[in-house]
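Visitor: I would like to understand how the descriptive words used for a structure are justified. Could you take me through the reasoning, one term at a time?

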Amino acid sequence: MTDLVNAENLRKKTDTLYYQLAEELAQAIQAGLLRSGEKLPSIRKLSSERQLSLSTIMEAYRELEDRGLVEARPQSGFYVRAIRSLASPELTKPPQRPSHVVIDPLLTPSALSHINDVKVDFGLAILSPKLFPNQQIQRILSQITRNDPDIIANYGESHGDIELRRQIARRSLTWGGQVEADDVLITHGAIEGLNLCLRAVTKPGDVVAIESPAYFGLLQILESFKLKALELPTHPKTGISIEALELASRNGDIKACVLLPNYSNPCGSLMPDENKRRLVQLLDQRNIPLIEDDIYGEFYYQGDRPRPAKAYDQTGNVMLIASFTKLLAPAFRIGWVLGGRWQKEIEQLKFINTFSTSLVLQRTIAHFLESGGYDHHLRRLRKNCAEQVNDAIDAIQRFFPADTRLTVPQGGYVLWVELNSQIETLQLLQLALAEGISFTPGVMFSPSKSYHNCLRVCCGEPWTVRHERAIERLGQLAQQLLQQAQSTAEHPAKVI
């Protein structure tokens, strides 16, 4: 009931003139049109220019002040606050040898999600239910089952509903794909697609090249298949080092490569098109299949949709995985695979594994795509994600220790934060959980347990004062840990 009241109060607030003015000014500040230290127009001047009351202008400035974007100076007016610009993390330097993946059962998403009393969750990379077109989807689902009640008793084709596969093939034109419906295999989300692709091209003991840091769900799959992981040096802006992959793949040990070139999780890196082209050519020449996870490809903030590496594939050496789970309907768990030259093997594995995916849910998504509502929803979703990420970046820059490093991604909705090397984010997590705040510690993203001083922050919920205060508290706790570590280093305990 409290959440409903809060949501209604927020809706009423966003409809007010002062809030709309505050939003306009906030965007001008974030875009650099109003710079740090610059004085805002006086209340009387802005009131005259906008034909708004003095109280409305004052409320707007107070809203900006509450957000930490401006500050009031006595007898002078309001000024844009000087916001620190934290440095970006540098190219990672993981171990150069492959290793078996062994995951601590206490450090898994399922284990962390069962922790009680979490009030602000920056942990799991999921979006707020408020960001999805739930009512439209529900209406389509009801209409389909009403018009065709027997569809509930229909297993559907193993490779997927033809209507949905046609829609996916049609949408591939947005990234330069030449895809036909028969090239598409529908799966239970991207996770099943990743499982099927790895099973098609590897066997236990094989080496799989991955980003570092890498998505922990991938590490869990590698562990279950008894595969070795070779972590590749990864830049938070441009993705893996192609040179490092070229060197590592010379001896023929690498049997597959799993990457997220578009807005990787957790770094948010976006591989340049030329690097994607080089990546595809290199792996094709060395007969190493590329499994490309493109679940974040649609989460771009500006410009055009980034092309997946699959767009440069001429031989079918790239298997592309994507999903509607994070984009449209999380509960439906509808994903798909373009299997390239392994399509038949993957389809056979799908038949053995789960046979088919819910026909009624596939048909619902197909109808939503066909209606044209999908693109409208995506524009709104991208806008919300960009705003939420920007709000989180601003808060981290203001409240975290000065030597913090922070990614500034061009898409997605996760941030990678690197703290001083003396800080253990597992210890920080324990302190944060005691106060109802959760995040994902860096060690979960590496089979070599690297990134002990890093954390991932998910920005999947609409930003509120509650989130702002949680980031502020995380920054305070991180500063306390740093001071304790420095004090211990300066005054080590005497050994008796």
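Guide: Let us begin with a definition: a salt bridge is a side-chain nitrogen of Lys or Arg within 4 Å of a carboxyl oxygen of Asp or Glu. Please keep in mind throughout that this is a predicted model.

Visitor: How do you know that Glu211 has no salt bridge?

Guide: The nearest side chain of opposite charge, that of Lys276, is 11 Å away, and a salt bridge requires a distance within 4 Å, so Glu211 is without one although it is buried. Glu211 lies in strand β6, which spans residues 207–212.

Visitor: What does the side chain of Glu211 reach, and at what distance?

Guide: The side chain of Glu211 comes to 2.9 Å from the backbone nitrogen of Leu260; since a polar contact is a pair of N or O atoms within 3.5 Å that can donate and accept a hydrogen, the distance of 2.9 Å meets that cut-off. Leaving aside residues up to four places away in sequence, Glu211 also touches others, among them Leu232, Thr234, Ile240 and Pro261.

Visitor: What is special about the peptide bond between Ser212 and Pro213?

Guide: The bond joining Ser212 and Pro213 is cis, with omega at about 5 degrees, and Pro213 is found in the loop between β6 and α9. Another cis peptide bond joins Asn265 and Pro266, where omega is about 20 degrees, and Pro266 has its place in the loop between β9 and α11.

Visitor: Why is Thr357 called buried, and why Lys93 exposed?

Guide: Buried means under 20% relative accessible area and exposed means over 50%; Thr357 has 3% relative accessibility and therefore counts as buried, whereas Lys93, at 80%, counts as exposed. Thr357 lies in the loop between α12 and α13, while the place of Lys93 is in the loop between β2 and β3.

Visitor: What makes the pairing of Thr357 with Lys350 a polar contact?

Guide: The side chains of Thr357 and Lys350 are joined at 2.8 Å, and the cut-off for a polar contact is 3.5 Å, so the pair qualifies. Apart from neighbours within four places in sequence, Thr357 is in contact with residues including Tyr155, His188 and Arg333.

Visitor: Why is Lys449 called partly exposed?

Guide: The relative accessible area of Lys449 is 39%, and because partly exposed covers the range between the 20% and 50% cut-offs, the term applies to Lys449. Lys449 has a positive phi of about 60 degrees although it is not a glycine. Asn287 likewise has a positive phi, near 60 degrees, but at 56% relative accessibility Asn287 counts as exposed.

Visitor: How many disulfides does the structure hold, and how do you know?

Guide: The structure holds zero disulfides. For Cys257, the nearest cysteine sulfur, that of Cys197, is 13 Å away, and a disulfide needs sulfur atoms within 2.5 Å, so Cys257 is in none. Cys257 is buried, with a relative accessible area of 0%. Cys385 is in no disulfide either, its nearest cysteine sulfur, that of Cys458, being 8.8 Å away.

Visitor: Which residues touch the most other members of the largest nonpolar core?

Guide: Of the 124 residues in that core, Phe122, Leu198, Leu222, Phe324, Leu328 and Tyr413 touch the most other members, and its largest share, nine residues, comes from helix α14.

How values were computed
Residues are numbered from 1 along each chain as its sequence is written. This is a predicted model: local features need pLDDT of at least 70, side-chain atom pairs count only at pLDDT 80 or more; totals for chains, interfaces and linings use all residues. Side-chain values use heavy atoms; hydrogens and water are left out. Buried means under 20% relative accessible area, exposed over 50%, partly exposed in between (1.4 Å probe, protein chains only). A nonpolar core is a set of buried Ala, Val, Leu, Ile, Met, Phe, Trp, Tyr and Cys residues joined through side-chain atoms within 4.5 Å. Helices (H or I, at least four residues) and strands (E, at least two) are DSSP runs, numbered from the N terminus. Lys and Arg count as positive and Asp and Glu as negative; His and the chain ends are not counted. Contact means heavy atoms within 4.5 Å.
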